[in-house]
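User: Please take a close look at how the charged side chains are placed in this model. I would like one connected account that starts from a single residue and then moves outward to the other side-chain pairs.

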Amino acid sequence: MLDITVILIALTISLIVAFIVIGFLMGFFRKMISIGNYMGPNATIFAIGAKYTEKEHIEKLLDYTSINEVITEIRREGYDIQDLKKYDLELELSMLSLMSKAVEMLPDDAKIFADAYMLKYDANIVKRILRAKYAKMPKRKIYEMVYEGRYITKLIIQHMVEATSMEDTISALDATPFKDCIKVWSESRDLLAVDLLMDKIVLKNLTESKVVMDENALEPVNIFLSRLIDIQNIKTVLRAKAAEIKNIQEFLIDGGYEIGEWKLKNMAEARNIEECLGQLEGTSYSFLRDIKDPFEVEVALNRYMLKIANDIGLSYSLSTGPTVMFLVSKEFEARNLKAIIKGFMENVPKERIKSLLVGGAS
């Protein structure tokens, strides 16, 4: 009887060990498959890069003596400008084309995340139209400064531009991810409140995209999103404070890395910008307390976001790290090129241009 018991115990232990080993091997193989899926796309992403966020390449552009030299140089990187009157639009479209080509190569879960990130460009189209309509800009001009997005179709753009009132303009968003903006405008008649809500919608959509991600690819995305939420919340509080919006907390989102709900509440209730930034004492964002100009605070936050994204790209180079790095750095590269070209066109001093850039020369 004792022998049978010993045998059963031995068999049980053997089965448990076998299951543990199988589980370990399955996890290992899943991880290897995940790494394999990212190797090709990540190699391409690193090859494409975002050179105009790097000191050497930024300074090379700034050393040129004419805008034609700048345009010839950046054309080699896929930024095709044919009409200087539309340089900002053409830079955006070139950037989106480069992004889309890279996104198409990604594994499905990372592709969903990247698509969610790119919703922000649909939001930018909407913001541009709303501001133009609010300023009573001629329709012809508005059409020249926008393009079709993923959700903001040609028909929606036409509805918004041809609308006879702001209410009718915003009503065109009813079948888009930004439909809640209709209610906010109806209640507030505040364009900044609509802007802030769109930013929140993009961030919420991005957070929800994590649900479909493979666990082996999730860690860099979680780190990125928690930092992005911190930075977006800080920007939102500062913009809302400057515009004296009272219900600031409606436009904030949970899930930040360091800036929790109670700290955001204290920032929202602060009497002025200086006191608001003082609440960042003891966090990674405390360096902002020494900056007085809200615009310069945003530039500093953008630089910090680029640094974080680049660190994630290098630290998690076998999964979604390079995707995060690419999406963020390409956006700031296009912004840098806009600032450089505008600076050349308006004869802005090189040092002043540098102060606006995000990356190695800033």
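Analyst: **An acidic residue and its surroundings**

Asp199 has a relative accessible area of 15% and is therefore buried, the limit being under 20%. The model is a predicted one. Asp199 belongs to one network with Lys127, Arg239 and Glu298, joined by salt bridges that share partners.

One bridge of Asp199 is to Arg239, at 3.3 Å from N to O. Because Arg239 lies in helix 12 and Asp199 in helix 11, this bridge ties together parts that are 40 residues apart in sequence. The two partners are placed in unlike settings: Asp199 is buried, whereas Arg239, with 27% relative accessibility, is partly exposed.

Helix 11 takes part in another bridge, formed by Asp195 and Arg131, whose closest N and O atoms are 2.5 Å apart. Arg131 is in helix 6 and Asp195 in helix 11 (residues 191-208), so the pair connects parts separated by 64 residues in sequence. Asp195 counts as buried, at 8% relative accessibility, while Arg131 is partly exposed, at 44%.

The total for the structure is 25 salt bridges. Among them is the bridge between Glu73 and Arg76, with 2.7 Å between the closest N and O atoms. Here Glu73 is buried, having a relative accessible area of 6%, and Arg76 is exposed, at 60%.

Helix 6 (residues 119-134) also holds Lys133. Lys133 is buried but has no salt bridge; Glu162, the nearest side chain of opposite charge, is 7.1 Å away. That separation rules out a bridge, because the N and O atoms would have to lie within 4 Å. The side chain of Lys133 instead reaches the backbone oxygen of Val161 at 2.8 Å. Apart from neighbours within four places in sequence, the residues in contact with Lys133 are Ile142, Met160, Val161, Glu162, Ala163, Met166 and Thr169.

Aromatic side chains form pairs as well, five in the structure. Phe113 and Phe224 are edge-to-face, with 6.3 Å from centre to centre and 80° between the planes. Helix 12 reappears here: Phe224 lies in helix 12 (residues 215-242) and Phe113 in helix 5 (residues 108-117), so the pair ties together parts 111 residues apart in sequence. Both Phe113 and Phe224 are buried. Tyr285 and Tyr304 are likewise edge-to-face, because their planes stand at 85°, with the ring centres 5.5 Å apart. Tyr285 is in the loop between helix 14 (273-278) and helix 15 (294-315), and Tyr304 is in helix 15, 19 residues apart. Tyr285 and Tyr304 are both buried. Ring pairs also join Tyr117 to a cluster with Phe113 and Phe224.

Cysteines complete the survey of side-chain links. Cys181 is buried, with a relative accessible area of 0%, and Cys276 is buried too, at 0%. The structure contains zero disulfides.

One further acidic residue deserves mention. Asp88, in helix 4 (residues 87-104), is partly exposed, with a relative accessible area of 35%. The C-alpha atoms of Asp88 and Leu337 are 8.7 Å apart in space, although 249 residues separate the two in sequence.

Notes: Residues numbered from 1 in each chain as written. Predicted model: local features only at pLDDT ≥ 70, side-chain atom pairs only at ≥ 80, totals over all residues. Heavy atoms only, no water. Helix = DSSP H or I, 4+ residues; strand = E, 2+ residues; numbered from the N terminus. Buried < 20%, exposed > 50% of the residue type's maximum accessible area, 1.4 Å probe, protein only. Lys, Arg positive; Asp, Glu negative; His and termini not counted. Polar contact = N/O pair within 3.5 Å; in protein donor to acceptor, adjacent residues only side chain to side chain. Contact = heavy atoms within 4.5 Å. Disulfide = S-S within 2.5 Å. Phe/Tyr/Trp six-rings, centres within 6.5 Å; stacked < 30°, edge-to-face > 60°.
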